Amino acid sequence: MGPSLPQLSDAEKARYEWQMWTPDVGEEGQRKLKAASVLVSRLGGVGGTVAYYLAAAGVGRLVLAHAGNVKPSDLNRQLLMTTDWLGRPRVESAERRLRELNPNVEIHTAAENLSSSNAAALAGEVDIVVDAAPLFSERFAMNQAAVAQNKPLVECAMYDLDAQLTTIIPGKTPCLSCLYPEDPPNWNREFPVFGAVSGMVASMAAVEVIKLITGIGEPLVGHMLWINLRTMDFRKLPIARRFGCEVCGEL
Amino acid sequence: MKVTFQFEAQLRQVAGVNSFDVELPENVSLLTAIQHVSEEAGEALRERLLTAEKSVQPGIMLFVNELPVPSALTDNHRLDSGDVILLLPPISGG
């Protein structure tokens with residue numbers, strides 16, 4: 001067991017008891033989770049649920065980025081936002097909900113969305129990045145920062161009853177710019193979604209983060225999981241790096 | 001020869017179907033097949049599939065029999081009878 005990993009209090013051992021029973025996790029895996037830090041952007045139907053499960057799992061430090069105030073149309077899926085917080089900052093609602101769930105987690109909030117001006121600094125605070133943002137400009141900024149800092153990036157998205165997931169390891173797997181060489185035309189940032197759909201892919205993304213931190217299982221690298229919940233088809237599709245990718249091509 | 005097209009997410013919504021079969025000449029390229037489908041489709045789907053230069057829209061991920069085909073190689077990739085062509089449009093979080 002690594003001597004630099006933080007110790008668990010008796011209260012933490014009690015809180016995480018059931019997940020420490022997971023084969024190959026144990027107390028050491030829980031200490032790895034406590035030592036870990038994760039950036040989640042944004043805190044919508046996907047990102048908020050990722051953050052909720054990472055807080056529940058005892059990830060030591062969460063950096064949470066999301067601009068703006070809670071709107072009525074957030075509430076069908078953004079589980080960290082509450083009706084009594086309408087019109088007030090989303091990150092404050094999220095921090096309050098996460099602290100209610102697990103006061104052991106250190107939370108740093110930024111009331112801003114990711115961009116080329118802040119992505120490097122925010123990604124620099126953490127071990128792993130989770131992209132749950134709707135705009136490709138934000139996602140490209142996050143991808144650029146994660147690749148430059150050689151940090152894993154868990155990519156999750158949904159539309160209607162479809163969802164997709166992949167874990168990017170810079171230099172080893174395709175990066176986001178390999179998959180999308182440019183800002184896709186015809187993209188509308190508002191789209192049909194049930195909270196149960198965004199929450200489903202968010203739960204899987206949280207599992208990916210837990211796997212990366214603890215070393216259990218095999219992360220979804222070099223593949224994209226495409227899920228169609230209308231038909232309940234789950235496809236695990238191979239994906240390839242793009243020759244000459246401007247972001248990761250030199251790695 | 002017959003090939004099968006499968007659309008997901010926005011493409012399925014615009015097309016109104018998830019999957020359909022198309023009769024094409026033997027040894028046709030993937031790009032030609034997509035252009036053929038685009039010509040048969042309405043304007044809304046055609047704009048989603050093709051650029052003004054009639055190449056595949058950037059951001060659409062292409063798979064033939066669940067193996068990826070880079071968009072730059074669609075003109076070189078020859079189809080076989082029975083191939084299943086999957087088109088995944090870009091989607092995001094939120």
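# Two chains and their salt bridges

Student: What pattern does chain B follow, read along the sequence?

Tutor: This is a predicted model. Chain B comes to 3 helices and 5 strands. Read along the sequence, their order is β-α-β-α-α-β-β-β.

Student: What radius of gyration does chain B have, and what would a compact globule have?

Tutor: The C-alpha trace of chain B spans about 40 × 25 × 25 Å along its principal axes. Chain B has 94 residues, so a compact globule would have a radius of gyration near 12 Å. The value for chain B agrees with this: 12 Å.

Student: How many helices and strands are there in chain A?

Tutor: The C-alpha atoms of chain A fill a box of roughly 50 × 45 × 40 Å along the principal axes. For its 251 residues a compact globule would have a radius of gyration near 18 Å, and chain A agrees with 17 Å. Its secondary structure has 9 helices and 8 strands.

Student: What share of the residues of chain A count as buried?

Tutor: A residue is buried when its relative accessible area is under 20%. In chain B, 52% of the 94 residues count as buried. In chain A, with 251 residues, the share is 54%.

Student: Of the contacts in chain A with a separation of 6 or more, what share comes from residues 24 or more positions apart?

Tutor: In chain B, residues 24 or more positions apart account for 55% of the contacts with a separation of 6 or more. In chain A, the share from residues 24 or more positions apart is 66%.

Student: How many residues from each chain does the contact between chain B and chain A take?

Tutor: The area buried between chain B and chain A is about 2500 Å², and carbon and sulfur atoms give 59% of this area. On the side of chain B, B:I91, B:S92 and B:G94 supply 27% of the area buried against chain A, more than any other three residues. The contact takes 35 residues from chain A and, from chain B, 25 residues.

Student: Which element gives the most to the side of chain B that touches chain A?

Tutor: There are 13 residue pairs in polar contact between chain B and chain A, both residues at pLDDT 80 or more. Elements of chain B that each supply at least two residues to this side include α3 (43-49), β3 (61-64) and β5 (84-88). By class, the side of chain B that touches chain A has 11 nonpolar, 9 polar and 5 charged residues. The element that gives the most, with 4 residues, is α1(B).

Student: Which residue of chain A forms a salt bridge with B:R12?

Tutor: The count between chain B and chain A is 4 salt bridges. In one of them, the closest N and O atoms are 3.0 Å apart. The partner of B:R12 in this salt bridge is A:D162.

Student: Is A:D162 buried or exposed?

Tutor: A:D162 is found in strand β6 of chain A. Among the residues it touches are A:V197, A:I227, B:E8 and B:A9. Its side chain also makes a polar contact of 3.5 Å with the side chain of A:W226. Because its relative accessibility is 0%, A:D162 counts as buried.

Student: With which residue does A:R230 form a salt bridge, and is that partner buried or exposed?

Tutor: A:R230 lies in the loop between β7 (223-228) and β8 (233-238), and its partner, 70 residues apart, lies in the loop between β5 (153-159) and β6 (162-168). At 53% relative accessibility, A:R230 counts as exposed. The closest N and O atoms of the pair are 2.9 Å apart, and the partner is A:D160. Because A:D160 has 11% relative accessibility, it counts as buried.

Student: Which residues do salt bridges that share partners join into one network?

Tutor: A:R230 and A:D160 form a salt bridge, and so do B:R12 and A:D162. Salt bridges that share partners join these residues and others into one network. Its members are A:D160, A:D162, A:R230, A:R235, B:E8, B:R12 and B:E66.

Student: Which residue forms a salt bridge with A:R42?

Tutor: The whole structure has 20 salt bridges over all chains. A:R42 is in the loop between β1 (37-41) and α4 (47-57) of chain A, and its partner is in helix α7 (residues 136-148), 96 residues apart. Both residues of the pair are buried. With the closest N and O atoms 2.4 Å apart, the partner of A:R42 is A:E138.

Methods
Residues are numbered from 1 along each chain as its sequence is written. Chains are lettered from A and ligands numbered from 1 in the order in which they are written. Side-chain values use heavy atoms; hydrogens and water are left out. A salt bridge is a side-chain nitrogen of Lys or Arg within 4 Å of a carboxyl oxygen of Asp or Glu. Buried means under 20% relative accessible area, exposed over 50%, partly exposed in between (1.4 Å probe, protein chains only). Contact means heavy atoms within 4.5 Å. Buried area is the accessible area (1.4 Å probe) that two parts lose on being put together, summed over both. A polar contact is a pair of N or O atoms within 3.5 Å; within protein, one must be able to donate a hydrogen and the other to accept it, and residues adjacent in sequence count only if both atoms are side-chain atoms. Ala, Val, Leu, Ile, Met, Phe, Trp, Tyr, Cys and Pro count as nonpolar, Asp, Glu, Lys and Arg as charged, and the others, Gly among them, as polar. The radius of gyration is taken over C-alpha atoms; the globule rule is 2.2 Å times the number of residues to the power 0.38. Lists of a residue's contacts leave out its neighbours within four places in sequence.
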